[in-house]
Amino acid sequence: MFTKRQFTFVSIMLTIIAAVTVVNLYSSYRKSRDNERKNDMGDIQNRIGEFRKATGAFPLSENGKVVGCNGFQDKTGTWHFQPCNWGDNKVNSPFFDPLPHDPYIDKGRTFVYISNGENYQLYSALEGTYEDEYNKKVLNMNISCGDVSCNAGRTDASLEALYVPLPILKK
């Protein structure tokens, strides 16, 4: 039998082990979601590049979404597209169906895409502030990635291009 002192010691040790396990699991899941976000941003960049190869320009953006779904060419050969949803698109889109989405899309979190056709910016909200792509300058821009501010980004140009609004191109 255990003495009261031994029982207390074992109880405290088990509580500490359980607490450390929960913290490590939470950290592991957070890292996994951030890795998924970074991989998805790379996938989105590849799709945007393929779109540019096929059409001659990066897809435009509308309200933070990629305008690249339900595409058709008019009689003059000009392409026309509709905004894509993050996730599945039950539309005609060889490039963006399905389009990756944030692991917390059900909580309102989303990627943000901004483009003028010549350049683009792609933003996400990482959970870990230590992540290599976490960027305080992006965070300070207060771009909404749904329920949180974006804090990471990618672009077709230099990293500095993430911090300035894209110029609107004249037709």
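Here is a walk through the strands, two unusual loop residues and the disulfides of this structure. Keep in mind that we are looking at a predicted model.

Let's start with the sheet that comes earlier in the numbering. Three strands make up an open sheet, in the order β1-β2-β3, and their pairing is antiparallel. The edges belong to β1 (60-62) and β3, each of which pairs on one side only. On average, neighbouring strands here are turned by 50° against each other, direction ignored. As background, strands in a sheet pair through backbone hydrogen bonds, and they can do so in parallel or antiparallel fashion.

Now take the pairs one at a time. Between β1 and β2 there are 3 bridges in the antiparallel sense, and one place to look is Ser61, whose bridge partner in β2 is Val66. On to the next pair: β2 covers residues 65-73 and β3 covers residues 79-83, and they are joined, again antiparallel, over 4 bridges. If you want a reference point there, Val67 sits opposite Pro83 in β3. These two strands, β2 and β3, make a hairpin with 5 residues between them, and Gly77 in that turn has a positive phi of about 90°.

A positive phi on a glycine is one thing, but what about other residues? Most residues other than glycine have a negative phi. Asn63 goes the other way, with a positive phi of about 55° although it is not a glycine. You'll find Asn63 in the loop between β1 and β2. Is Asn63 buried or exposed? Its relative accessibility is 76%, so Asn63 counts as exposed, the cut-off being over 50%.

Asn142 is another case: its phi is near 55°, a positive value in a residue other than glycine. This asparagine lies in the loop between α2 (136-140) and β6. Asn142 is exposed too, because its relative accessible area is 57% and exposed means over 50%.

That loop leads us to the other sheet. Here 3 strands form an open sheet in the order β4-β5-β6, with antiparallel pairing. Its edge strands are β4 (112-115) and β6 (152-155), each pairing on one side only. From one strand to the next, the twist averages 15°. Within this sheet, β5 (residues 120-124) pairs with β6 in the antiparallel sense over 4 bridges. Across that pairing, Leu122 stands opposite Arg154 in β6.

Finally, the covalent cross-links. How many disulfides does the structure hold? There are 2, and with the bonded cysteines of the protein chain numbered in sequence order, the pairing reads 1-2, 3-4.

One of them joins Cys69 to Cys84, with an S to S distance of 2.1 Å. It links distant parts of the chain: Cys69 belongs to strand β2, Cys84 to the loop between β3 and β4, and the two are 15 residues apart. The torsion about the S-S bond of Cys69 and Cys84 is about 115°, so this disulfide is right-handed. Both Cys69 and Cys84 are buried.

The other disulfide is formed by Cys145 and Cys150, whose sulfur atoms are 1.9 Å apart. With 105° about its S-S bond, the link of Cys145 and Cys150 is right-handed. Cys145 and Cys150 are both buried.

Key
Residues are numbered from 1 along each chain as its sequence is written. This is a predicted model: local features need pLDDT of at least 70, side-chain atom pairs count only at pLDDT 80 or more; totals for chains, interfaces and linings use all residues. Side-chain values use heavy atoms; hydrogens and water are left out. Two strands pair if DSSP finds at least two bridges between them. Axes are lines fitted to C-alpha atoms, for helices over the stretch in contact, and angles run from 0 to 180 degrees between N-to-C directions. Buried means under 20% relative accessible area, exposed over 50%, partly exposed in between (1.4 Å probe, protein chains only). A disulfide is a pair of cysteine sulfur atoms within 2.5 Å.
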